[in-house]
Amino acid sequence: MLRRFAPGILLFLVFAPFAQAADDESIERMRRDLTFLASDECEGRGALTQGIHKAADYIAARFEQLGLRPGGEDGTYFQKFRFRTGRSRLGAVNRLVLRGPQGQEIELPVTKQFMPLGMSEEGKVTAPVVFAGYGLNYIDPKEGIHYNDYQGIDAAGKVVIVLRQTPNPGSKTVPFGGQRNQRLGSLTNKLVTADQAKAAAVLFVNDRDKALDTDSLLPFEYTSEEMPPAKPIAAHVRRNVVDMMLQSTVGDTLSSREREIDRTLKPQSSALTGWTATIELAIERTTVEVKNVIGILEGSGPLAKETVVLGAHYDHLGRGERGSLERDEKNRQQFHYGADDNGSGTVAMLELARRFATSKGRNGRRIVFMAFAGEEQGLIGSRHFVNKPTIPLPDVAAMVNLDMVGRVRPEKNTKKDDLQIGGTGSAKEFDKLVDALAKNHDFHLSKDPSGYGPSDHTSFTEKKIPVFFLFTGLHEQYHKPADTVQTINFPGMRKVVHLTGEMLVQLANMPRPTFQDTKPAQPGGQVDVPKIRFMPGNYNSAEERGVLIGGVTKGGPADKAGIKAGD
Ligand SMILES: [Zn+2]
């Protein structure tokens with residue numbers, strides 16, 4: 001304890017309010033809050049539950065009790081938003097009609113010869129058809145890679161045929177193999193890339209690797225819970241359909257085009273002159289309304305106009321909503337209590353709200369406390385906030401994200417409690433700031449410079465706001481009903497709260513931190529594989545989630561369809 005005050009009287013004054021907070025009371029408060037948030041009553045705080053609204057009310061009531069100003073809409077603490085959930089279905093009319101150079105007209109039967117992509121937008125497009133190889137645009141000057149399937153063709157407003165995966169997907173030695181295949185070869189990346197080329201629609205076709213046994217179509221359910229990543233509408237067609245069009249125009253088969261790309265690593269794109277396609281997709285979506293909870297603690301002094309955000313997502317997986325890792329079918333329908341993910345971050349945020357709200361004569365920037373919903377479905381709540389901010393975003397100097405801070409454990413070598421801090425490179429000043437903090441706390445800190453990761457801080461990084469991300473590591477109970485209050489290390493959480501409190505004091509008072517982009521230059525805005533050992537939460541696509549957790553959820557729709565991670 002003494003070491004914290006060693007640097008001198010100034011630090012003592014800054015941190016005195018926290019030192020006085022009785023640790024035992026703090027632990028008891030967090031235990032009480034978490035016991036409620038991770039109770040049957042809150043139903044695992046899934047998007048499809050009523051329990052998530054009880055949790056929201058609980059958080060809002062606390063904000064009010066602490067005298068925080070409502071930071072949501074219409075003078076409330078809530079910022080509502082809707083998003084797509086599971087239970088999408090094909091609508092009444094889904095059509096794909098091809099018209100050839102000789103005036104032939106071929107209507108492909110839906111679900112047999114073509115399948116709407118589950119995550120596609122709805123819509124209707126009639127346009128000429130273009131073959132765009134693997135649909136990649138990947139440039140890496142360092143490695144001398146310049147590969148663009150869209151070079152030399154005009155894809156604007158067209159229907160683009162795109163192979164799945166990447167050239168030589170299994171190979172670890174070619175530029176697109178291994179990890180790059182998982183990222184670049186994803187349906188999401190290809191839709192985004194097609195969008196950048198202004199394509200109106202994408203027809204995916206299995207590459208030779210995916211079609212090895214049978215040329216089966218991706219089940220609609222495979223991505224039907226995803227948000228559309230880009231504007232083009234998309235469906236999946238069989239290889240023989242593409243073969244027919246290629247042969248009748250350029251006198252070539254799909255296989256030979258593929259082989260040529262795989263061999264030369266040069267694009268083989270071309271217009272399929274004379275062919276047009278009419279694609280009409282109708283998809284019935286279910287949406288739910290959930291809400292972010294936002295409370296404002298005003299600052300004072302010359303920096304009072306600026307803001308520091310402390311955020312934590314409070315949603316979880318309900319009764320095994322998408323993202324559950326419970327393998328047992330029956331258990332998967334139990335409440336996923338999400339005590340660590342992210343009840344822990346939520347109650348730590350509430351505890352910090354109390355400490356700051358009750359500390360007298362506080363100086364510096366305002367602190368805005370946020371509990372996000374929709375995180376488990378892909379950072380939807382935090383994205384909604386940064387796109388429709390209820391406080392001026394240019395005034396946000398920094399954001400701190402607490403996601404899974406309840407499982408503090410000793411690090412193997414040092415035996416000190418392990419704490420992972422992401423975003424240390426997201427502002428010029430942050431690395432030093434963390435090093436200084438480390439001196440006051442008995443933690444083994446694992447730093448990750450990246451401001452990106454599968455949790456809500458990413459949404460702020462994307463808006464060029466410096467971030468910190470605090471995380472105590474993955475565990476066996478992650479995304480399972482067994483993530484309960486009994487597994488939480490409350491004294492460890494109290495330590496995280498202390499450190500975060502000091503971090504917030506710094507962030508509220510220091511000169512405005514200078515944002516640094518830690519994003520590696522990549523096409524399609526894809527998030528790189530995090531350097532931190534494990535990361536909680538989700539990327540916003542099923543494919544990347546599959547990679548993250550090291551495989552497709554067993555027994556899930558993807559598994560049943562025989563789909564491998566990295567599709
Ligand atoms: Zn999670």
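Asn342 is found in helix H8; helices (H or I, at least four residues) and strands (E, at least two) are DSSP runs numbered from the N terminus. The structure is a predicted model, in which local features need pLDDT of at least 70, side-chain atom pairs count only at pLDDT 80 or more, and totals for chains, interfaces and linings use all residues. Residues are numbered from 1 along each chain as its sequence is written, and side-chain values use heavy atoms, with hydrogens and water left out.

**Exercise 1. The peptide bond before Asn342**

Determine what kind of peptide bond joins Asp341 and Asn342.

Solution.
- Step 1. Omega between Asp341 and Asn342 is about -10°.
- Step 2. The bond joining these two residues is therefore assigned as cis. In general, most peptide bonds are trans.
- Step 3. Asp341 counts as buried, at 0% relative accessibility; buried means under 20% relative accessible area, exposed over 50% and partly exposed in between (1.4 Å probe, protein chains only).

**Exercise 2. The zinc site**

Identify which residues coordinate the zinc ion, and classify the geometry of its site.

Solution.
- Step 1. Asp341 contributes an OD atom, Glu376 appears with OE twice, and His479 provides NE2, at 1.9 to 2.5 Å. Donors are N, O and S atoms within 2.8 Å of the metal (3.2 Å for Na, K and Ca); water is not among the atoms, so sites may look incomplete.
- Step 2. The angles among the four donor atoms run from 55 to 145°, and the site is irregular. Four donors count as tetrahedral if all angles lie between 85 and 135 degrees; four count as square planar and six as octahedral if opposite donors are over 155 degrees apart and all others between 65 and 115; anything else is irregular.
- Step 3. The donor residues follow the spacing D-x34-E-x102-H in sequence.
- Step 4. Asp341 belongs to helix H8 (residues 339-357), whereas Glu376 sits in the loop between strand S17 (366-372) and helix H9 (380-387), so the pair ties together parts that are 35 residues apart in sequence.
- Step 5. Glu376 is buried, with a relative accessible area of 1%.

**Exercise 3. Helices H2 and H3**

Describe the span, the buried residues and the packing of H2 and of H3.

Solution.
- Step 1. H2 (residues 23-37) has 15 residues and reaches 21 Å from its first C-alpha to its last, close to the expected 21 Å. The expected span is 1.5 Å times one less than the number of residues.
- Step 2. H3 also has 15 residues and reaches 21 Å, close to its expected 21 Å.
- Step 3. The buried residues of H2 include Ile27, Met30, Leu34 and Phe36, together with the polar or charged Ser26, Arg29 and Asp33. Their cover includes helix H3 (51-65), H8 and H12.
- Step 4. Among the buried residues of H3 are Ile52, His53, Ile59, Arg62 and Phe63. The buried residues of H3 pack against H2, strand S2 (78-84), strand S15 (287-297), H8 and S17.
- Step 5. Just after H3, Gly67 takes a positive phi of about 80°.

**Exercise 4. Nonpolar cores**

State how many residues the largest nonpolar core has, and which helix gives its largest share.

Solution.
- Step 1. The largest core has 69 residues, and Val293, Phe369, Phe468, Leu470 and Leu507 have the most contacts inside it. A nonpolar core is a set of buried Ala, Val, Leu, Ile, Met, Phe, Trp, Tyr and Cys residues joined through side-chain atoms within 4.5 Å.
- Step 2. Helix H12 (residues 490-509) supplies the largest share of this core, nine residues.
- Step 3. Another core, of 35 residues, lies apart from it; Phe114, Ala235, Leu272 and Ile279 are among its members.

**Exercise 5. Positive phi values**

Locate Thr111 and Leu265, and give the phi of each.

Solution.
- Step 1. Thr111 lies in the loop between strand S5 (105-108) and strand S6 (114-116), and its phi is about 70°.
- Step 2. Leu265 lies in the loop between helix H7 (254-264) and strand S13 (270-281), with phi near 55°.
- Step 3. Thr111 is partly exposed at 38% relative accessible area, and Leu265 is partly exposed at 28%.

**Exercise 6. Confidence**

Report the average pLDDT of the chain and where pLDDT stays under 50.

Solution.
- Step 1. The average pLDDT (the predictor's confidence in each residue, from 0 to 100) is 87, and 87% of the residues score at least 70.
- Step 2. Residues 1-13 stay under 50, and the model has 11 contacts (heavy atoms within 4.5 Å) for them beyond four places in sequence.
- Step 3. Residues 520-567 are also below 50, with 127 contacts beyond near neighbours in sequence.
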